[in-house]
Amino acid sequence: MGMTMVEKILAGATHRPFVKAGDVVEPEVGMAMSHENAALVINQFREVFKDTGKEAKVWDPSRIAIIFDHRVPAESSKTATNQKRIREFVAAQGITKFHDIRGDEGGICHQILPESGYVLPGKVVVGTDSHTTSHGALGAFAFGIGATEMASVWALGVVLNVEVPLTIKVVAKGRFPKYVMPKDFILHLIGKISAEGANFKVLEFHGPAFKNMPTSGRLTVCNMSVEAGATSGIVPPDEETLRYLREEAKVKGKIEVFGPDPDASYDKVIEIDVSKLEPQVACPHTVDNVKPVRKVVGIKINQVVIGSCTNGRLDDLAVAAKIVKGKKVARGTRMLVFPASYKIYKQALNAGYLADFIKAGAVVMNPGCGPCLGVHQGALGDGEVALATTNRNFKGRMGNPNAEVYLASPAVAAASALKGVITDPRKGGR
Amino acid sequence: MAKVVLKLGDDISTDIIYPGRFMATVLPSETPQFAFADHAEFNARLRRKEILGGSVIVAGKNFGCGSSREQAASTLKGYELVIVARNFARIFLQNSINLGLRTVVCPDIETSEGDELEFAGDKVVNTTTGKAFATLPLPKARQAIIDAGGLIAYTRLRIMKKS
């Protein structure tokens with residue numbers, strides 16, 4: 001019997017010839033990522049070493065990445081103090097993959113890791129963020145963990161007691177129609193299998209629709225795999241992965257490329273023909289409450305958010321900019337744009353997209369998580385409705401339990417911003 | 001005997017348990033004040049210490065879905081609550097085990113607020129209605145961590161063993 005992609009990665013990370021779903025393993029970690037919640041990791045890390053008589057040193061400072069993105073610049077003195085403590089820890093431990101609040105290297109962790117070449121295929125990536133699943137887009141086994149578990153990783157360099165997950169194979173056939181995007185694919189899949197449909201399992205993506213999908217789209221799909229409960233999403237690496245890593249992430253060293261065995265054993269197989277997909281919208285207050293956009297057109301929206309770790313990449317901004325170029329955001333609707341990193345910000349600036357947004361009446365914000373987690377930069381008022389390209393629409397998510405959040409692609413979001421109501425980009429766009 | 005103090009539905013997210021706007025508060029000693037912060041009445045009962053340790057929250061499927069924020073587990077651990085759900089989201093379950101928050105997977109649980117429950121081996125007995133419901137074991141990989149008293153203690157053992 002062969003191995004799935006993740007089984008193969010875990011076999012490699014534990015120096016075993018073979019592992020299978022259900023085995024308990026302790027894989028070596030290729031990259032361990034945290035953001036502002038490193039403040040809690042540091043606290044737990046010190047607890048781990050308490051009374052051991054040993055110095056609290058991380059196992060390998062070159063395999064730890066810390067990126068400030070959740071609250072940038074700090075929205076409160078409390079956050080600023082947490083960030084200050086993290087900077088001190090980073091300096092003391094010699095952690096070099098640290099991305100502070102800076103225009104030359106800042107951004108959202110799930111964009112900084114790929115674009116900086118910190119994620120390689122076949123490796124184990126853990127992050128104190130549920131959307132760490134994103135990095136499966138480059139063929140890594142990437143999953144979210146809590147702060148105490150990260151403290152354990154920082155100390156030991158392995159993840160303790162990991163049960164090898166079952167894998168669901170998802171085969172996407174056909175070509176995406178115009179204005180139908182990878183976001184629509186993953187929303188459709190989540191709606192189909194539910195918010196717990198892949199709990200404790202891996203979603204492994206295959207098929208011509210993935211072969212033809214740029215890394216930006218694969219990041220969107222893997223990012224939201226967790227919204228179906230998945231431990232991770234993963235796309236077996238191919239020519240596009242190598243292109244991205246060499247050309248965009250400037251990786252110089254050896255890149256190991258392997259796929260799953262042809263006789264791997266899957267929990268089940270799901271087939272989706274993307275050529276039949278329509279733009280999708282996840283309605284309040286769960287991500288699996290998914291409908292085709294035509295069923296919700298006309299709903300008034302007060303705020304449109306384009307960006308986030310899900311949809312803040314250059315391809316996303318390009319689609320949105322082309323829709324709003326030369327037009328105006330509807331009065332009564334605020335449109336906020338958050339490029340996923342400063343690298344993307346500069347690319348969008350050079351391509352003229354940021355000017356298109358501003359001239360249309362949108363507000364271009366600094367790269368970061370923005371209002372997605374409800375802390376700052378665009379909270380909603382009582383009774384207000386947002387349409388966002390982000391990944392969660394839970395009650396209270398955008399800072400107000402008395403507001404509603406719809407999730408959609410950048411095409412739906414941009415078309416809707418122009419009309420002030422949820423709009424099908426195939427009709428409202430250009 | 002443990003009293004059901006709150007009954008919830010499916011897909012209770014970490015944003016409900018511990019809203020994102022309080023995430024700058026990280027220490028387990030400080031997070032309990034924001035438990036179910038948008039559920040004002042329940043939050044007030046907790047903070048007034050009207051709810052005894054060992055009391056139970058009963059939920060449907062996918063409890064703790066969403067963020068990896070460990071505050072969602074530490075805020076409930078602060079009151080020594082027990083969470084009984086039809087099933088749990090992965091990261092929340094792991095965080096709970098790592099921090100010692102008691103979680104019970106009980107796929108068919110039927111209760112109302114105010115009912116008394118008894119945890120008896122591999123079942124939960126609702127002593128108010130007289131019905132018993134089977135529980136599922138936690139992931140086997142995690143039992144060793146519970147036995148060690150949480151992940152900090154478990155990791156500490158490993159550090160000592162390393163030298």
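Select A:Val124 to begin, and across from it you will find A:Phe141, which belongs to β6(A). Widen the selection to strand β5 (residues 124-127) of chain A, which pairs with β6(A) in the parallel sense over 4 bridges; two strands pair here if DSSP finds at least two bridges between them, and strands are DSSP runs (E, at least two residues) while helices are runs of H or I with at least four, numbered from the N terminus. This is a predicted model, in which local features need pLDDT of at least 70 and side-chain atom pairs count only at pLDDT 80 or more, whereas totals for chains, interfaces and linings use all residues. Residues are numbered from 1 along each chain as its sequence is written, with chains lettered from A and ligands numbered from 1 in the order in which they are written.

Next, show the open sheet of chain A, where 5 strands follow the order β4-β3-β2-β5-β6 with parallel pairing. At its edges are β4 (97-99) and β6 (141-144) of chain A, each pairing on one side only.

Move to chain B and display its open sheet of 7 strands, ordered β4-β3-β2-β1-β5-β6-β7, with mixed pairing. Because β4 (102-105) and β7 (131-134) of chain B each have a single partner strand, one side of each is left without a neighbour in the sheet. Within this sheet, select B:Ile57, which stands opposite B:Ile83 in β3(B); strands β2 (residues 56-59) and β3 (residues 82-85) of chain B run parallel and are joined by 4 bridges.

Finally, select the 41 residues of chain B that are in contact (C-beta atoms, placed from the backbone, within 7 Å) with 47 residues of chain A. On this side of chain B, α6(B) gives the most, with 8 residues.

Notes
Two residues are in contact if their C-beta atoms, placed from the backbone, lie within 7 Å.
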